[in-house]
Amino acid sequence: MTITEKQQQLVRQFSALSEWMDRYTLLIEKGKECPALADGDKTEAFLIKGCQSRVWIKAEYVDGKVFFKADSDAVITKGIAALLIYVFSGESPQDIVDAPVDFLDKMGLKEHLSPSRSNGLTAMLKQIKLYALALSMKDRQS
């Protein structure tokens, strides 16, 4: 499944729920499905700056693809991280860098998050794109 297809799938899932409490419940469920990051990886190196909650995102580069893992001490934040991990993990660095992120607006997610969570979402997305950009540069040098 491509990044765009995964994004469209999430938009459909969230759009099918008319009540925002149901969408928050789905977001929390997505977070519960996201495998926990090993305690040894919950370090400053992987901590996302700009989030009110503590959230860590780790990237691994395997066979030309970037695989992300994430964790958070807050259930909503972990759910947001899980959405981003679902969309971008297992993709090439260049596809991640080039991918649009308007699916978050189509889901209505940003408008229903507190300003601090919205800032955290932006910080997570920025870090994922930075990891991918760094790895795409490494790819070009090889």
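Lys 126 falls in helix H6, which spans residues 115-141 (helices, H or I, are DSSP runs of at least four residues and strands, E, of at least two, numbered from the N terminus). At 56% relative accessibility, Lys 126 counts as exposed (over 50% relative accessible area is exposed, under 20% buried and in between partly exposed, with a 1.4 Å probe and protein chains only). The model is a predicted one, where local features need pLDDT of at least 70 and side-chain atom pairs count only at pLDDT 80 or more, while totals for chains, interfaces and linings use all residues. Residues are numbered from 1 along each chain as its sequence is written, and side-chain values use heavy atoms, with hydrogens and water left out.

Helix H6 also takes part in ring contacts, as Tyr 131 lies there and Phe 68 in strand E2, so their pair ties together parts 63 residues apart in sequence. This aromatic pair is tilted, at 6.3 Å centre to centre with 45° between the planes (ring centres of Phe, Tyr and Trp, the last by its six-membered ring, must lie within 6.5 Å; planes under 30 degrees apart are stacked, over 60 edge-to-face and the rest tilted). Both partners are tucked away: Phe 68 counts as buried at 5% relative accessibility, and Tyr 131 is buried at 16%.

Elsewhere, the charged end of Lys 6 sits over the ring of Tyr 86, 5.9 Å from its centre (NZ of Lys or CZ of Arg has to be within 6 Å of the ring centre and within 35 degrees of the ring normal).
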